[in-house]
Amino acid sequence: MMKTPRLTVLGAGPGDPELLTLKGARVLGEADVILYDALANNDLLQHARPDAVTVFVGKRRGLRSYSQDEINALIVEHAHQYGHVVRLKGGDPFVFGRGREEMLYAEQHGLATDYVPGISSAVAAAGSVGIPVTHRGASEGFRVITATTATGELSGSVAEAARSRTTTVILMGLGELDHIVALYTQHGQANTPAAIVQNGTLPTARFVAGSVAQLPTLAKKAGIGAPAIILVGEVTRLATAENLAETLPTDVFALLPAYAEVA
């Protein structure tokens with residue numbers, strides 16, 4: 001029986017497989033084909049049917065995999081061959097995930113499309129170590145930016161964020177950490193509290209915190225690697241105390257009770 005060729009772009013969440021939505025689990029169980037990214041936890045494939053076709057199309061910095069054009073073509077090809085293609089993407093696919101881009105391509109080639117949100121690492125990875133992106137008395141808002149543009153250059157948003165006093169979450173920025181720190185220093189924010197969270201929400205999570213200027217040294221010493229998010233702002237002082245004790249100077253650590261009282 002011929003199946004209607006269609007695409008569902010599905011957010012896998014920030015890493016912990018239990019943070020997949022109920023709808024996401026149902027959609028995975030309905031998929032004829034699953035094209036999954038490197039940031040999508042492989043444990044999520046347990047929700048797939050035994051006869052579903054699963055294809056890894058992940059990309060890592062410095063490693064060649066499928067290009068975006070090739071992924072777009074795979075979506076259309078597999079949908080026409082098998083039916084329902086689920087594109088499983090880390091975090092939320094509409095937060096620097098090219099989710100809508102893939103849907104538009106599919107729609108242009110006659111596929112029906114749907115979108116299932118996922119929990120974004122921009123909020124969840126920070127929260128998993130006790131850092132809220134907003135907190136009364138510490139931050140009245142937050143922005144989420146990517147470190148590099150589509151051409152691989154440092155994003156102008158980084159410079160704009162360096163002039164801001166709201167919480168900034170930088171995704172895919174670890175490779176540009178030195179440049180990011182230089183921009184913040186240029187705008188007088190070298191001493192602004194900041195943190196890096198690797199593998200947030202997972203048992204393998206690692207975390208460092210200090211001032212912006214300290215981040216490269218702290219990250220190198222702790223062996224922090226991708227995937228990781230960078231956070232800049234006063235809210236990073238609120239991170240889980242046992243994690244902070246080794247990385248923050250004593251005078252900064254002593255400020256934590258004052259922030260806790262604000263809540």
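A residue counts as buried when its relative accessible area is under 20%. The model described here is predicted. The briefing covers helix α2, a mixed sheet, and the helices α6 and α7.

**Helix α2**
- Helix α2 covers residues 68–82, and its end C-alpha atoms lie 21 Å apart, which agrees with the 21 Å that 15 residues should span at 1.5 Å a residue.
- Its buried residues are Q68, I71, N72, L74, I75, V76, H78 and A79.
- Those buried residues pack against the strands β1 (6–11), β2 (33–36), β3 (53–56) and β4 (84–89), and against helix α3 (99–108).
- G83, just after α2, has a positive phi of about 125°.

**The open sheet**
- The sheet is open and has 5 strands, ordered β6-β7-β10-β8-β9, with mixed pairing.
- β6 (142–146) and β9 (206–211) are the edge strands, each pairing on one side only.
- From one strand to the next, the twist averages 15°.
- Strands β8 (residues 193–198) and β10 (residues 228–232) run antiparallel and are joined by 5 bridges.
- V197 stands opposite I229 in β10.

**Helices α6 and α7**
- α6 packs on the sheet, where it touches β7 (167–171), β8 and β10, and its direction makes about 5° with that of β10.
- α7 lies across β8, β9 and β10, at about 155° to β9.
- α6 (residues 177–186) and α7 (residues 215–222) pack at an angle of about 155°, their axes 10 Å apart.
- Angles over 145 degrees count as roughly antiparallel, so α6 is roughly antiparallel to α7.
- L177, D178 and V181 of α6 make the contact with L215, P216 and A219 of α7.
- The residues of this contact comprise 5 nonpolar, no polar and 1 charged.

Terms used
Residues numbered from 1 in each chain as written. Predicted model: local features only at pLDDT ≥ 70, side-chain atom pairs only at ≥ 80, totals over all residues. Heavy atoms only, no water. Axes fitted to C-alpha atoms, helices over the stretch in contact; angles between N-to-C directions. Helix = DSSP H or I, 4+ residues; strand = E, 2+ residues; numbered from the N terminus. Parallel < 35°, antiparallel > 145°, perpendicular 65-115°, else oblique. Contact = heavy atoms within 4.5 Å. Nonpolar A, V, L, I, M, F, W, Y, C, P; charged D, E, K, R; others polar. Expected span 1.5 Å × (residues − 1). Buried < 20%, exposed > 50% of the residue type's maximum accessible area, 1.4 Å probe, protein only. Pairing = 2+ DSSP bridges.
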